[in-house]
Amino acid sequence: MSGAGEVRVGIIGCGGIAQAKHIPNLKKKEGAVIAALSDVRGKEYLERVCGELGVTGAKLCTDYWELLADPTIEVVHICTPNASHAQLTIEALEAGKHVMCEKPMATDLEEAKAMVEAQRRSGKKLTICANNRFTPAMWYLKGRCARGELGEIYFAKAHCVRRRGVPTWGEFLDREKQGGGPVLDLGTHAVDLALWMMDNYKPKKVTGKTFYKLGAQGSPANPYGDWDPARFTVEDSGFAMIEMENGAVIWLETSWALNTRDERPVSVTLCGTQAGADVTEGLTINTERDGRLVDEKIVLEPRTIPFYEPEQVYGPQLEISQWIDAVREDKDPVVRPEQMYTVQRVIRAVYESSEAGESISI
Ligand SMILES: NC(=O)c1ccc[n+]([C@@H]2O[C@H](COP(=O)([O-])OP(=O)(O)OC[C@H]3O[C@@H](n4cnc5c(N)ncnc54)[C@H](O)[C@@H]3O)[C@@H](O)[C@H]2O)c1
């Protein structure tokens with residue numbers, strides 16, 4: 001059984017994101033124990049992962065039911081391709097586990113709804129990964145927004161635009177397994193940031209357009225390797241206007257491949273009645289003071305003398321850390337499932353609008 005303050009975690013799906021984010025950051029979190037790993041690729045694969053990442057003592061399972069049946073495991077992280085998120089999350093909640101599920105929440109809205117309902121029924125905690133909330137810039141900006149310093153935020157851009165950045169590993173290009181391309185994969189992060197900053201979860205109408213243009217051509221310039229257009233069954237870019245009940249508007253831009261030099265990482269641009277926020281060259285709060293326009297550049301890195309830097313915990317490390325603390329201290333996680341359900345609703349409406357060729361009322 002768990003020791004005092006110890007949180008025993010099992011991970012289902014041990015591919016890219018489990019190895020890059022979940023395992024290293026669980027290892028950094030005091031009191032978190034990686035108790036079990038499961039992957040359909042088999043035990044030899046899992047042994048290699050453990051060897052490479054220095055995980056010791058974890059139970060290795062090819063069948064995730066072995067992990068769910070272990071009463072000492074309190075928390076399950078779901079890191080499988082999108083199509084299995086809902087099923088695995090619901091099964092884990094019903095098995096009495098707290099669940100952190102990778103984004104996007106699910107491949108369709110009904111599944112996302114079933115996840116929220118399963119969480120309520122189980123009384124266990126559910127969070128969806130939204131690591132972009134935890135970057136130094138976005139974490140800081142949320143504080144300014146929450147204190148009302150931007151005033152009423154009535155226009156936002158939610159963006160993640162890659163000139164070439166098609167994920168050619170795993171199942172990302174397969175509509176059946178993923179449910180969508182960059183609108184779902186990147187738009188989930190960007191829309192989440194916009195709604196969170198605005199603290200507005202009431203979308204009203206979505207007008208969207210998705211494209212499959214460069215996906216049909218292939219690109220030897222893609223940093224993750226060229227793709228086979230025949231297997232690229234999702235969109236390569238997508239754009240939308242999201243109107244909120246209170247009249248605010250969010251402009252969404254996402255692409256894995258687009259012939260543009262205006263590339264953007266996952267982030268938001270905000271325009272409020274008191275100030276705006278831009279992230280093009282670091283984080284700037286744009287306002288007006290003493291009859292002049294003021295660009296307030298925020299210094300996010302600590303300025304200190306070498307060897308005496310205070311420890312800074314941001315990004316994925318903060319995401320995992322706050323989640324384990326939420327479980328241990330019985331608090332709400334920063335990313336709540338109802339919020340991510342609304343994100344999923346908006347994303348679904350972008351696809352529906354594009355298909356229908358008209359706006360979708362939510
Ligand atoms: N938060 C982020 O920024 C971010 C970044 C990358 C990926 N992701 C998400 O993480 C998820 C996984 O992506 P990835 O890049 O790690 O993919 P991946 O293909 O590298 O890894 C997925 C792993 O899950 C395993 N798997 C599949 N079904 C399983 C099952 N039933 N039981 C056990 N193992 C199973 C596969 O064998 C594979 O090893 C996706 O939903 C993706 O959207 C999120």
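**A walk through the structure, starting at helix α9**

Let us begin with helix α9, whose buried residues are Gly187, Thr188, His189, Ala190, Val191, Asp192, Leu193, Ala194, Leu195, Trp196, Met197 and Met198. That makes 12 of the 12 residues of α9, so this helix is largely enclosed by the rest of the structure. Keep in mind as you look around that this is a predicted model.

The length of the helix can be checked too. With 1.5 Å for each residue, the 12 residues of α9 (residues 187–198) should span 16 Å, and the C-alpha atoms at its two ends are indeed 16 Å apart, which agrees. Just after α9 comes aspartate 199, which has a positive phi, near 50°.

Now step back to see what surrounds this helix. The largest nonpolar core has 104 residues, and Ile34, Ala190, Ala194 and Met197 are those with the most contacts inside it. α9 is the element that gives the most to this core, with 8 residues. Domain 1 (7–130 + 316–335) and domain 2 (133–312 + 342–361) both contribute residues, so the core lies between them. Turn next to isoleucine 34: leaving aside residues up to four places away in sequence, it touches Val9, Ile11, Ile23, Leu26, Lys27, Val55 and Ala58.

The two domains themselves are our next stop. The domain assignment of the protein gives domain 1 (7–130 + 316–335) and domain 2 (133–312 + 342–361), and their C-alpha centres lie 25 Å apart. Where they meet, 18 residues from domain 1 and 16 residues from domain 2 take part in the contact. On the side of domain 1 that touches domain 2, the elements giving two or more residues are α5 (109–122) and α10 (315–329). The residues of that side divide into 11 nonpolar, 4 polar and 3 charged.

Both domains also take part around the ligand: the shell draws at least three residues from each of them. Of the 24 residues around the ligand, Gly13, Gly15, Gly16, Glu102 and Gly170 come nearest. Helix α1 (residues 16–28) supplies the largest share of the shell, 3 residues. By type, the shell has 10 nonpolar, 9 polar and 5 charged residues.

We finish at another helix, α11 (residues 337–356). Its 20 residues, at 1.5 Å each, should span 28 Å, and the end C-alpha atoms are 28 Å apart, which agrees. α11 is followed by glycine 357, whose phi is positive, near 70°.

Notes. Residues numbered from 1 in each chain as written. Predicted model: local features only at pLDDT ≥ 70, side-chain atom pairs only at ≥ 80, totals over all residues. Helix = DSSP H or I, 4+ residues; strand = E, 2+ residues; numbered from the N terminus. Expected span 1.5 Å × (residues − 1). Buried ≥ 20, exposed ≤ 12 C-beta atoms within 10 Å, placed from the backbone. Near = placed C-beta within 6 Å. Nonpolar A, V, L, I, M, F, W, Y, C, P; charged D, E, K, R; others polar. Domains from an automatic or database assignment. Core = buried A, V, L, I, M, F, W, Y, C linked by C-beta atoms within 7 Å. Contact = placed C-beta atoms within 7 Å.
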